[in-house]
Amino acid sequence: MSPNDLNRPIAAWQAEFDQLEALGIRILVLNGPFFGENPPPGAADPTEAFFNEADRRGLSIYMDTLSAPDWWTLSDPAPEIARARARIESLNHRYGQHRSFTGWYIPYELYVMWDAPAELITVLYRDISAACKRVSPPKPVMLSPFFILDQAGDLGSFRWATPAEYQQFWTTLLQQSQVDIVALQDSGEHLSCYTLDQRRPFLAAMKSACATANKQFWINIEVGELNVA
């Protein structure tokens with residue numbers, strides 16, 4: 001969401017909500033730092049108007065806890081955790097009374113990590129999910145990781161994990177967090193050349209990880225596609 005999105009007249013949001021509801025969409029995840037910004041002195045809070053309309057329609061809104069640029073390169077997670085805690089406390093204080101404010105979205109989207117980055121994401125997920133639960137225990141916390149099918153490395157040089165390695169990584173990671181929902185992206189590359197049969201082992205791996213860690217397993221069907229030959 002951009003500042004222009006945030007400051008659209010509520011009538012424009014009402015028209016968009018009508019279209020989303022016609023498609024059966026009832027859950028929205030608000031990404032970006034502009035929701036919850038302090039309005040200028042004397043001005044109405046556009047986020048409050050957004051939530052009022054979502055309340056009226058019975059929608060479910062998940063709020064983004066945000067992430068530092070290049071968060072995966074952090075050597076010390078403490079400042080990032082402090083930033084996230086402050087945002088969580090502020091959003092809950094300002095909008096937590098709204099029925100539509102359903103839960104939180106922690107936006108560190110990843111595949112598998114090893115060594116120091118694995119230790120980093122463990123601490124980030126653990127402490128930020130705990131911060132969400134501390135200020136609003138009933139609100140679920142959602143993640144949306146992905147998986148990669150490009151075993152040959154055609155799209156870049158990276159370490160590839162088998163479905164079994166993927167399952168073990170996520171089982172361990174989820175067991176150490178207070179995350180409630182894993183909305184798994186239907187793949188990481190957004191390429192239509194991959195089939196459902198190729199995706200299936202990773203979908204099954206995450207479903208098993210969620211079952212072991214007692215988390216809800218959702219699918220996030222993404223509609224982007226890379227324009228490549």
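This briefing describes the sheet, the aromatic contacts, the nonpolar cores and a few single residues of the structure above. The model is a predicted one. Its open sheet has six strands in the order S1-S2-S3-S4-S5-S6, paired in the parallel sense, and its largest nonpolar core holds 59 residues. Aromatic pairs come to a count of 19.

**The sheet and its edges**

- Strand S1 (27–30) and strand S6 (216–220) stand at the edges of the sheet with a single partner strand each, so one side of each is left without a neighbour in the sheet.
- On average, and with direction ignored, neighbouring strands of this sheet are turned by 30° against each other.
- At one edge, S1 and S2 pair in the parallel sense over four bridges, and within this pairing Val29 stands opposite Tyr62 in S2.
- At the other edge, strand S5 (residues 181–185) is joined to S6 by five bridges, again in the parallel sense, with Ile181 standing opposite Gln216 in S6.
- Helix H4 (residues 78–95) packs on the sheet, where it touches strand S2 (60–64) and strand S3 (101–105), and the direction of H4 makes about 170° with that of S3.
- In a regular strand the side chains alternate between the two faces of the sheet. In S1, Leu28 and Leu30 make up the covered face, whereas Ile27 and Val29 make up the uncovered one.

**Aromatic rings and charges over them**

- A pair of aromatic rings is described by the distance of the centres and the angle of the planes. For the pair of Trp13 and Phe50 these values are 4.9 Å centre to centre and 90° between the planes, an edge-to-face arrangement.
- This pair links distant parts of the chain, since Trp13 belongs to helix H2 (residues 10–22) and Phe50 to helix H3 (residues 46–57), with their positions 37 residues apart in sequence; both Trp13 and Phe50 are buried.
- The ring of Trp13 also has the charged end of Arg8 over it, 4.6 Å from the ring centre.
- Elsewhere, Lys139 lies over the face of Phe101, at 4.9 Å from the centre of that ring.
- One aromatic cluster includes, among others, Trp71, Trp72, Tyr108, Tyr111, Tyr125, Tyr166 and Trp170.

**Nonpolar cores**

- Within the largest nonpolar core, the residues with the most contacts are Ile121, Tyr166 and Trp170, and the largest share of this core, nine residues, comes from helix H5 (residues 115–135).
- Leaving aside residues up to four places away in sequence, Trp170 touches Leu110, Tyr111, Tyr125, Leu143, Pro145, Met206 and Ala209.
- A second core, separate from the largest one, has five residues, including Tyr62, Tyr105, Met142 and Ile181. Two of these residues also appear in the strand pairings, with Tyr62 opposite Val29 and Ile181 opposite Gln216.

**Two residues in helices**

- Ser129 lies in helix H5, and with a relative accessible area of 0% this residue is buried.
- The contacts of Ser129, not counting residues up to four places away in sequence, are with Ile106, Leu124, Val141, Ser177, Gln178 and Val179.
- His93 has its place in helix H4, and its relative accessible area of 68% makes this residue exposed, because exposed here means over 50%.
- Between His93 and Ser136 there are 9.9 Å in space, C-alpha to C-alpha, although the two are 43 residues apart in sequence.

Technical notes
Residues numbered from 1 in each chain as written. Predicted model: local features only at pLDDT ≥ 70, side-chain atom pairs only at ≥ 80, totals over all residues. Heavy atoms only, no water. Pairing = 2+ DSSP bridges. Helix = DSSP H or I, 4+ residues; strand = E, 2+ residues; numbered from the N terminus. Axes fitted to C-alpha atoms, helices over the stretch in contact; angles between N-to-C directions. Contact = heavy atoms within 4.5 Å. Phe/Tyr/Trp six-rings, centres within 6.5 Å; stacked < 30°, edge-to-face > 60°. Buried < 20%, exposed > 50% of the residue type's maximum accessible area, 1.4 Å probe, protein only. Lys NZ or Arg CZ within 6 Å of the ring centre and 35° of its normal. Core = buried A, V, L, I, M, F, W, Y, C linked by side-chain atoms within 4.5 Å.
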